[in-house]
Amino acid sequence: MAAVSLPSAILATDFGSPKGVTKGSQLLHGEWALNYYIALPIAAIVLGGILWCVFRYRARPGEDRRARQFQYHIPIEATYTIIPLVLVAVIFGYMYGIENKLTTVKKHPALVVNVQGFQWGWRFTYPNGHQELGSVATQPNINDESALPILYLPSHETVQLDLVSADVIHGFYVPAFLYQRDLIPGVRNRVDFYVTKNGEWIGECNELCGTYHAFMRFEVKAMPKAAFDAWYRAQKPNSITVAGGAKQP
Ligand SMILES: [Cu+2]
């Protein structure tokens with residue numbers, strides 16, 4: 001492995017924050033970056049102040065010093081009250097705007113997929129009734145990622161997911177999307193994703209939902225629109241593809 005110096009590693013990874021592969025995840029990344037840019041100067045001021053005091057006012061042999069004592073210092077008190085208030089307001093406002101964007105769903109997305117979680121697996125249903133299905137029953141080995149149900153999506157388009165549960169609360173979590181949302185019985189949670197890259201990423205249920213919770217993994221596969229359309233056309237209406245290769249009428 002090539003040696004990487006620490007500063008360049010930190011810069012290359014944006015202080016350890018992943019960028020994600022959706023428009024929404026990039027918004028979140030921007031918010032994290034804002035927090036870093038605010039936090040770093042504060043850390044420098046605080047640490048610098050501590051170090052300065054430690055060295056400038058350290059105890060010397062035979063010396064009995066006391067710092068100047070005073071009860072009030074209005075300019076300092078006003079400063080250390082107003083600056084944090086302004087910073088918190090800026091972060092709150094920025095976050096509020098992003099959260100609003102992340103939770104807003106389009107009236108006419110390019111595609112709507114129904115995502116159902118159940119004990120213990122996933123069912124992805126497309127507008128023509130085609131289902132991609134996978135569960136603990138179709139996945140003999142938990143480490144076998146080739147037997148996971150696949151959520152096919154077109155990239156560079158707004159795709160809406162209807163998140164529903166058949167039994168208990170599950171969680172739809174795709175780390176590469178920097179996003180998780182619960183699937184709650186009786187509730188229809190909708191979310192829009194605009195995937196900006198083609199690729200395959202692992203998703204999972206991240207809400208402990210029973211004995212085989214750990215088997216509730218899936219794969220997200222984002223493809224160029226033409227490839228997605230070709231895949232979609234090849235799926236018969238109301239057909240079911242079971243993860244791991246089996247095909248049902
Ligand atoms: Cu679950």
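A nonpolar core is a set of buried Ala, Val, Leu, Ile, Met, Phe, Trp, Tyr and Cys residues joined through C-beta atoms within 7 Å. I wrote that down to begin with, and I also noted that the model I am looking at is predicted.

**Entry 1: the core**

I looked up the largest nonpolar core and found 33 residues in it. Which of its members touch the most others? They are Val115, Leu151, Leu153, Leu163 and Phe177. Next I checked which elements give two or more residues to this core, and I noted β2 (121-125), β4 (150-154), β5 (158-165), β6 (170-174) and β10 (217-223). The most comes from β5, with four residues. A reminder for myself: in soluble globular proteins, nonpolar side chains tend to be buried together.

I then picked Leu153 and set aside its neighbours within four places in sequence. Leu153 is in contact with Val159, Val195, Val220, Lys221 and Ala222.

**Entry 2: the whole chain**

I stepped back to see the chain as a whole. I counted four helices and 12 strands. Along its principal axes, the C-alpha trace spans about 90 × 45 × 35 Å. How does the radius of gyration fit with that of a compact globule? For 249 residues, such a globule would have a value near 18 Å, but this chain has 26 Å.

I also looked up burial, and 22% of the 249 residues count as buried. For contacts between residues at least 6 apart in sequence, I noted that 70% join residues at least 24 apart.

**Entry 3: two domains**

The domain assignment gives domain 1 (12-59 + 69-103) and domain 2 (111-248). How far apart do their C-alpha centres lie? I found 37 Å. Where the domains meet, eight residues of domain 1 are in contact with 11 residues of domain 2. On the domain 1 side, I sorted the touching residues by class: three are nonpolar, four are polar and one is charged.

**Entry 4: two helices**

I wanted to test helix α2 (residues 23-56) with a ruler. At 1.5 Å a residue, its 34 residues should span 50 Å, and its end C-alpha atoms are 49 Å apart, so the two values agree. I did this for α3 (74-103) too. Its 30 residues should span 44 Å and its end C-alpha atoms are 43 Å apart, so α3 agrees with the rule as well.

Is α2 well covered or hardly covered? It is hardly covered, with three buried residues among its 34. These are Gly24, Ser25 and Leu28. I traced what the buried residues of α2 pack against: α3, β7 (179-183) and β8 (189-194). As for α3, that helix is hardly covered too, with one buried residue among its 30.

**Entry 5: the loop before α2**

Two residues in the loop between α1 (6-12) and α2 caught my eye, and one of them is Ser17. Ser17 counts as partly exposed because it has 15 C-beta neighbours inside 10 Å, and a residue needs 20 or more to be buried. Leaving aside its neighbours within four places in sequence, Ser17 is in contact with His29 and Trp32. Its C-alpha atom is separated by 9.8 Å from that of Leu28, 11 residues apart along the chain.

Asp14 has its place in the loop between α1 and α2. With 13 C-beta neighbours inside 10 Å, Asp14 counts as partly exposed. Outside its neighbours within four places in sequence, I found Asp14 in contact with Lys19, His29 and Ala33. I also checked Asp14 against Gln180, 166 residues apart along the chain, and their C-alpha atoms are separated by 21 Å.

**Entry 6: backbone oddments**

Which two residues does a cis peptide bond join? I found Gln119 and Trp120, with omega about 0°. Trp120 sits in the loop between β1 (111-118) and β2.

I then looked at phi. Leu178 has a positive phi of about 50°, although it is not a glycine. I located Leu178 in the loop between β6 and β7. Is Leu178 buried or exposed? It is buried, because 21 other C-beta atoms lie within 10 Å.

Asn238 also has a positive phi, near 60°, and is a residue other than glycine. Its place is in the loop between α4 (225-233) and β11 (240-242). Asn238 is exposed, because 11 other C-beta atoms lie within 10 Å and a residue with 12 or fewer counts as exposed.

Notes. Residues are numbered from 1 along each chain as its sequence is written. This is a predicted model: local features need pLDDT of at least 70, side-chain atom pairs count only at pLDDT 80 or more; totals for chains, interfaces and linings use all residues. The expected span of a helix is 1.5 Å times one less than its number of residues. Two residues are in contact if their C-beta atoms, placed from the backbone, lie within 7 Å. Domain bounds come from an automatic or database domain assignment. Ala, Val, Leu, Ile, Met, Phe, Trp, Tyr, Cys and Pro count as nonpolar, Asp, Glu, Lys and Arg as charged, and the others, Gly among them, as polar. The radius of gyration is taken over C-alpha atoms; the globule rule is 2.2 Å times the number of residues to the power 0.38.
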